[in-house]
Amino acid sequence: MTTNFTSDIVTSLPEHMLSEILKHAASNSIADFINVKLCCKAFDRASNYENVSMEKVSLVPWHKCEKGFQKRCKAANNAEALYRKGMINCFSRRKSESGLRCLKKATEKGHVEAVYTYGIILICLDGELRKQGLRVLSSLHLPKPNQGNSRMIASCRSKTEKFLRCMWVHVALTGPKGICCNCDCDIEEKPNHSTPSECQAWDASNDVSHCCDYCFWDREANLFCSLLRKYLIN
């Protein structure tokens with residue numbers, strides 16, 4: 001009697017509300033998400049892996065339930081799942097083409113860390129791809145002067161390093177050659193930019209107001225490449 005009553009209540013709820021309940025369950029744990037999803041057909045129909053949170057899933061999952069959950073999320077074009085797959089394929093499995101496709105898809109969905117990673121990779125490839133990378137990174141809309149950009153960049157750096165610590169890094173990148181932009185940038189190249197201590201610090205106190213986009217992202221790309229080398233397995 002109680003079960004049928006509860007099921008009737010759930011069935012009467014609009015689908016967007018059921019989806020929100022499922023998203024909240026997933027933010028607690030995968031087990032909660034699965035249990036809620038299986039409790040009645042209404043939740044099962046409302047389950048949307050495209051927008052579900054992956055916060056509680058390990059960056060590189062080892063448990064069977066996490067792997068299955070992440071696979072379903074990727075199949076549904078979940079932005080976070082696409083970003084993770086792109087990182088693994090680009091830097092661990094040596095599948096750069098498929099990795100870049102995943103990162104591009106996540107970028108098109110507005111995933112901030114994917115925008116950051118995809119743009120920096122393109123910058124490192126030089127030529128027309130460099131210009132494309134700068135256009136991608138410009139979508140982050142870093143404010144000028146330095147208001148809030150440090151938090152965004154620090155967040156991207158932090159997630160990048162957490163990810164690299166969790167996987168076997170077999171691929172490194174060569175930093176951009178840079179261009180003669182003739183700007184009046186107030187950025188000095190510090191000797192320790194490629195040292196392990198710099199990689200660990202990822203000091204996000206970049207003053208965007210005193211440098212052009214070319215110089216800012218060139219330095220950011222070189223920091224990114226230094227971090228890759230730090231975790232590279234020879």
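**Entry 1: E50 and its partner**

I started with E50, which comes out partly exposed at a relative accessible area of 32%. I'm working from a predicted model, so I kept to local features with pLDDT of at least 70. Next I looked for what the E50 side chain meets, and found K109, in a salt bridge of 2.7 Å, N to O. This pair links distant parts of the chain: E50 sits in the loop between α4 (41–46) and α5, K109 in the loop between α7 and α8, and they are 59 residues apart. I checked K109 too, and at 39% relative accessibility it counts as partly exposed.

**Entry 2: the other salt bridges**

How many salt bridges are there by this rule? I get a count of 7. I looked at R157 and E220, whose closest N and O atoms are 2.6 Å apart. Here the link runs from helix α10 (R157) to helix α12 (E220), with the two positions 63 residues apart in sequence. Are these two buried or exposed? R157 has 1% relative accessibility, so I note it as buried. E220 is buried as well, with a relative accessible area of 0%.

Then I looked up E161 and K230, which form a salt bridge with the closest N and O atoms 3.0 Å apart. E161 is in helix α10 and K230 in helix α12, so this bridge ties together parts that are 69 residues apart in sequence. E161 is buried at 8% relative accessible area, whereas K230 is partly exposed at 30%. I also noted a network of salt bridges that links E80, R84 and K159.

**Entry 3: helix α7**

Does the length of α7 agree with its residue count, or disagree, and what span should it have? α7 covers residues 96–108, which makes 13 residues, and at 1.5 Å a residue it should span 18 Å. Its end C-alpha atoms are 18 Å apart, so the two agree. The expected span uses one less than the number of residues, which is why 13 residues give that figure.

I listed the buried residues of α7: S98, G99, C102, L103, A106 and T107. The spacing made me think of the helix repeat. An α-helix has 3.6 residues a turn, so residues three or four places apart point the same way. Then I asked what covers the buried residues of α7. The cover includes α5 (64–75), α6 (79–91), α8 (112–124) and α9 (127–138). Just after α7, I found G110 with a positive phi of about 85 degrees.

**Entry 4: positive phi away from glycine**

Most residues other than glycine have a negative phi. I looked for exceptions and wrote down two residues. N77 has a phi near 65 degrees, a positive value, and is not a glycine. N77 lies in the loop between α5 and α6, and it is partly exposed at 31% relative accessibility. R94 has a positive phi of about 60 degrees, also without being a glycine. R94 is in the loop between α6 and α7, and with a relative accessible area of 58% it is exposed.

**Entry 5: the largest nonpolar core**

Which residues touch the most other members of the largest nonpolar core? Of its 39 residues, I noted F91, F163, L164, M167, L173 and W217. α6, α7, α8, α9, α10 (149–166) and α12 each supply at least two residues of this core. The largest share, 9 residues, comes from α8.

I followed F91 from there. Leaving aside neighbours within four places in sequence, F91 is in contact with T117, I121, M167, W168, V169, H170, V171, L173, F224 and L228. Apart from this core lies another, of 9 residues, among them F33, Y49, V52 and C73.

**Entry 6: L228, from the other side**

L228 was on the F91 contact list, so I looked at it from its own end. L228 lies in helix α12 (residues 213–231). Its relative accessible area is 0%, so I put it down as buried. How far apart are L228 and F91? They are 137 residues apart in sequence and 8.4 Å apart in space, C-alpha to C-alpha. Not counting residues up to four places away in sequence, L228 touches F91, L164, V169, V171, A172 and L173.

Key: Residues numbered from 1 in each chain as written. Predicted model: local features only at pLDDT ≥ 70, side-chain atom pairs only at ≥ 80, totals over all residues. Heavy atoms only, no water. Helix = DSSP H or I, 4+ residues; strand = E, 2+ residues; numbered from the N terminus. Buried < 20%, exposed > 50% of the residue type's maximum accessible area, 1.4 Å probe, protein only. Contact = heavy atoms within 4.5 Å. Core = buried A, V, L, I, M, F, W, Y, C linked by side-chain atoms within 4.5 Å. Salt bridge = Lys/Arg side-chain N within 4 Å of Asp/Glu carboxyl O.
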